[in-house]
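Colleague: I am new to this structure and would love a close look at one part of it. Please pick a spot where aromatic side chains come together, and then walk me outward from there.

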Amino acid sequence: MNLPVLSQLADVTATERFGAQLGEALLAAQLTDSLILFDGDLGAGKTTMVRGLIHGLGHVGRVPSPTYTLLEPYTIGALPLCHLDLYRLAEASELEHLGWRDLGGTLRLVEWSSRAPELARAADLRVALSLSGNGRQVRVEALSARAESVIDHLNAISR
């Protein structure tokens with residue numbers, strides 16, 4: 001497996017830009033049916049990163065946090081995408097009530113994946129965000145062999 005991508009993000013704009021680059025890397029790797037986990041403390045920039053990714057894939061318009069709705073579906077061209085926030089889940093079994101089984105074949109972007117640790121077994125990428133000074137640090141790790149090319153693409157962009 002490739003080494004993870006580590007990057008310092010100075011502000012919200014840099015976080016959204018990195019999200020857009022991640023979206024570009026997913027398209028280049030043809031991983032549009034993947035599961036991506038986003039973790040970090042409250043306020044670390046998970047939703048901001050996902051917003052950048054969704055806009056980078058071509059969505060025009062608002063990208064609200066799914067903290068209260070739990071799931072926000074999108075269709076970008078022919079690409080079905082679901083943005084989930086598991087923060088309010090009491091236990092992982094609640095994923096079934098969200099229709100998790102019906103989301104296969106879509107790009108699934110999951111914030112607070114630590115609320116359902118078993119998702120890591122099926123995930124392609126983990127994006128960990130942490131506060132760092134006035135900005136953030138992001139770490140992107142491939143969890144599947146098919147996600148290695150995403151890491152390669154992100155490394156090529158950052159050079």
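Modeller: Happy to. In this predicted model, let us start with Tyr87, whose relative accessible area is 35%. Buried is kept for values under 20% and exposed for those over 50%, so Tyr87 counts as partly exposed. Trp112, in contrast, has a relative accessible area of 14% and is therefore buried.

These two residues belong together, as the structure holds one aromatic pair. The ring centres of Tyr87 and Trp112 are 4.7 Å apart, and with their planes at 55° the pair is tilted. Tyr87 sits in the loop between strand E4 (79-85) and strand E5 (107-111), while Trp112 is in the loop between E5 and strand E6 (125-132), so the pair ties together parts that are 25 residues apart in sequence.

From here we can step over to Leu70, in the loop between helix H2 and strand E3 (71-76). Its relative accessibility is 17%, so Leu70 is buried. Leaving aside residues up to four places away in sequence, Leu70 touches His83, Leu84, Asp85, Arg88, Leu89 and Leu98. There is also Glu111: 41 residues separate Leu70 from Glu111 along the chain, yet their C-alpha atoms are 9.7 Å apart.

The loop that holds Leu70 leads us back to H2 (residues 46-56), where eight of the 11 residues are buried, so this helix is largely enclosed by the rest of the structure. The buried residues are Lys46, Thr47, Thr48, Met49, Val50, Gly52, Leu53 and Ile54. After H2 comes Gly58, with a positive phi near 115°.

Our last stop is a pair of helices. Two packed helices are described by the angle and the distance between their axes. For H1 (residues 12-28) and H3 (residues 148-157), the axes come within 9 Å and cross at roughly 130°. That angle makes H1 and H3 oblique to each other. The crossing of H1 past H3 is right-handed. On the H1 side, the contact is made by Phe18, Gln21, Leu22, Glu24, Ala25, Leu26 and Ala28, and H3 brings Val150, His153, Leu154 and Ile157. Sorted by class, this contact has eight nonpolar residues, two polar and one charged.

Terms used:
Residues are numbered from 1 along each chain as its sequence is written. This is a predicted model: local features need pLDDT of at least 70, side-chain atom pairs count only at pLDDT 80 or more; totals for chains, interfaces and linings use all residues. Side-chain values use heavy atoms; hydrogens and water are left out. Rings of Phe, Tyr and Trp (its six-membered ring) pair if their centres lie within 6.5 Å; planes under 30 degrees apart count as stacked, over 60 as edge-to-face and the rest as tilted. Helices (H or I, at least four residues) and strands (E, at least two) are DSSP runs, numbered from the N terminus. Buried means under 20% relative accessible area, exposed over 50%, partly exposed in between (1.4 Å probe, protein chains only). Axes are lines fitted to C-alpha atoms, for helices over the stretch in contact, and angles run from 0 to 180 degrees between N-to-C directions. Angles under 35 degrees count as roughly parallel, over 145 as roughly antiparallel, 65 to 115 as roughly perpendicular and the rest as oblique. A crossing is left-handed if the near helix is turned anticlockwise from the far one by less than a right angle, and right-handed if clockwise. Contact means heavy atoms within 4.5 Å. Ala, Val, Leu, Ile, Met, Phe, Trp, Tyr, Cys and Pro count as nonpolar, Asp, Glu, Lys and Arg as charged, and the others, Gly among them, as polar.
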